Amino acid sequence: MTRPLTLAIPKGRILDEALPMLARVGIEPEAEFHDKKSRALRFATNRPDISIIRVRAFDVATFVAHGAAQIGIVGSDVVEEFDYSELYAPVDLDIGHCRLSVAEPVDLADEDEAAMSHVRVATKYPYLTRRYYEARGIQAECVKLNGAMELAPSLGLSRRIVDLVSSGATLKANGLVETHVIMQVSARLVVNRAAYKMRSADLTPLVEGFRKAVGVKDAA
Ligand code: PRP
C-alpha cells in the first residue's frame with residue numbers, strides 16, 4: 001500500500017477559511033485537530049489516504065518544496081518569497097485575501113521616494129522587499145523579523161516595514177500608514193512537482209477536487 005499523502009496547512013488566519021474548503025473537498029480532520037490544548041502536529045483525516053500537518057505558513061512551503069509533504073495550502077506571498085522551483089501552485093483558492101505592503105509612521109509617510117538610494121526595512125519578506133525596491137533603483141537593507149514588524153519604527157529599528165495588511169487595524173494601532181502595495185495576496189494550493197509526477201493517480205483528483213471547491217464557493 002502506498003503511504004498516505006501529507007497535506008500541510010498553515011496555522012493562523014488562513015486556517016479558518018481553509019477548513020470549510022477542505023470539507024467541500026471531502027477532507028475532515030480528526031476531532032483532536034480542533035482541540036486547542038492538543039500539542040499534536042500531525043492528524044489523521046476521514047480519508048485513510050490523507051493526513052494533515054499544521055505548521056507555520058513559511059514552513060508549509062518548505063515541507064512541500066522538499067517533498068516531506070506532497071501538497072499544501074499557503075499564501076501567494078510565501079510562494080513568491082521562496083520562489084522554490086519544486087513548488088507548483090496550480091490553484092488560486094480565493095481565500096486568505098490580503099496584501100503585502102510598505103508601511104511607515106504617519107508623520108513621516110510623505111517622503112519623496114525618487115530622491116532615495118537606500119532604505120532600511122524590517123520585514124519577514126527580504127526577497128520580495130529587495131525586489132520591489134530594486135525595481136525602483138533603491139537598495140533595501142532588510143532587518144529580518146518573524147512577527148510584530150509594526151514595533152520596528154517606534155523603537156528605531158527601521159523607519160519602514162513590509163508586512164501583510166488585511167483590515168489595516170494592526171497598522172493603525174501602531175501609528176503606521178500603508179504607503180505602497182507590493183502585491184495582492186491569496187491562498188494557493190501548492191504541490192511538490194516530483195510527487196505530482198510520481199503520484200499523479202493520487203494527486204491529480206485531489207487537485208481537481210480543490211479546483212471544483214473554489215467554483216462551488218464562487219457560485220454560493
Ligand atoms: C498579520 C500581519 C499583520 C496583521 C495584519 O499578522 O503580520 O501583523 O496580520 O492584519 P490587519 O491588517 O487585519 O490588522 P498575524 O496576526 O497573522 O500574525 P503574525 O504576526 O504571526 O504573522
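## Ligand Surroundings

A polar contact is a pair of N or O atoms within 3.5 Å. By that criterion, an oxygen atom of the ligand is 3.3 Å from an N or O atom in the side chain of K124. The model in which this pair is found is a predicted one. The side chain of D163 also has an N or O atom at 2.9 Å from an oxygen atom of the ligand. The backbone takes part as well: a polar backbone atom of A169 is 3.5 Å from a ligand oxygen atom.

The residues around the ligand include the run D163, L164, V165, S166, S167, G168, A169 and T170. R13, K124 and E150 complete the list of residues around the ligand.

## Overall Architecture

The protein contains seven helices and eleven strands. Its C-alpha atoms fill a box of roughly 60 × 35 × 35 Å, taken along the principal axes. Of the 220 residues in the protein, 45% are buried.

Contacts between residues at least 6 apart in sequence were also examined, and 68% of them join residues at least 24 apart.

## Strands β4 and β11

Strand β4 covers residues 71-75, and five of its five residues are buried. Both faces of this strand are covered. I71, I73 and G75 lie on one side, G72 and V74 lie on the other, and each of these residues is buried. In a regular strand the side chains alternate between the two faces of the sheet.

On the parallel side of its pairing, β4 joins strand β1 (residues 5-10) over two bridges. Within that pairing, A8 has G72 as its bridge partner in β4. The pairing of β4 with β11 is antiparallel and runs over five bridges. Here I71 stands opposite V191, and V74 stands opposite R188.

Strand β11 spans residues 187-192 and is mostly covered, with five of its six residues buried. Besides β4, strand β11 pairs with strand β5 (residues 87-92), again in the antiparallel sense, over four bridges. R188 in β11 is the bridge partner of D92, and R188 is also the residue opposite V74 of β4.

## A Buried Arginine in β3

R54 lies in strand β3, which comprises residues 50-55. Although R54 is buried, it has no salt bridge. The nearest side chain of opposite charge is that of E32, 7.9 Å away, whereas a salt bridge requires a side-chain nitrogen of Lys or Arg within 4 Å of a carboxyl oxygen of Asp or Glu.

The side chain of R54 does reach a backbone oxygen, that of F33, at 2.9 Å. F33 is also among the residues that R54 touches, leaving aside residues up to four places away in sequence. The other residues in this set of contacts are I9, K11, L15, A40, L41 and F43.

## The End of Helix α1

V25 is found in helix α1, which comprises residues 13-25. V25 counts as buried because its relative accessibility is 15%, and the cut-off for a buried residue is under 20%.

Which residues does V25 touch, not counting residues up to four places away in sequence? They are R47, L206, G209, F210 and A213. V25 and K212 are 187 residues apart in sequence, yet their C-alpha atoms are 8.1 Å apart in space.

Notes: Residues are numbered from 1 along each chain as its sequence is written. This is a predicted model: local features need pLDDT of at least 70, side-chain atom pairs count only at pLDDT 80 or more; totals for chains, interfaces and linings use all residues. Side-chain values use heavy atoms; hydrogens and water are left out. Buried means under 20% relative accessible area, exposed over 50%, partly exposed in between (1.4 Å probe, protein chains only). Lys and Arg count as positive and Asp and Glu as negative; His and the chain ends are not counted. A polar contact is a pair of N or O atoms within 3.5 Å; within protein, one must be able to donate a hydrogen and the other to accept it, and residues adjacent in sequence count only if both atoms are side-chain atoms. Contact means heavy atoms within 4.5 Å. Two strands pair if DSSP finds at least two bridges between them. A residue is near a molecule or strand if one of its heavy atoms lies within 4 Å of it.
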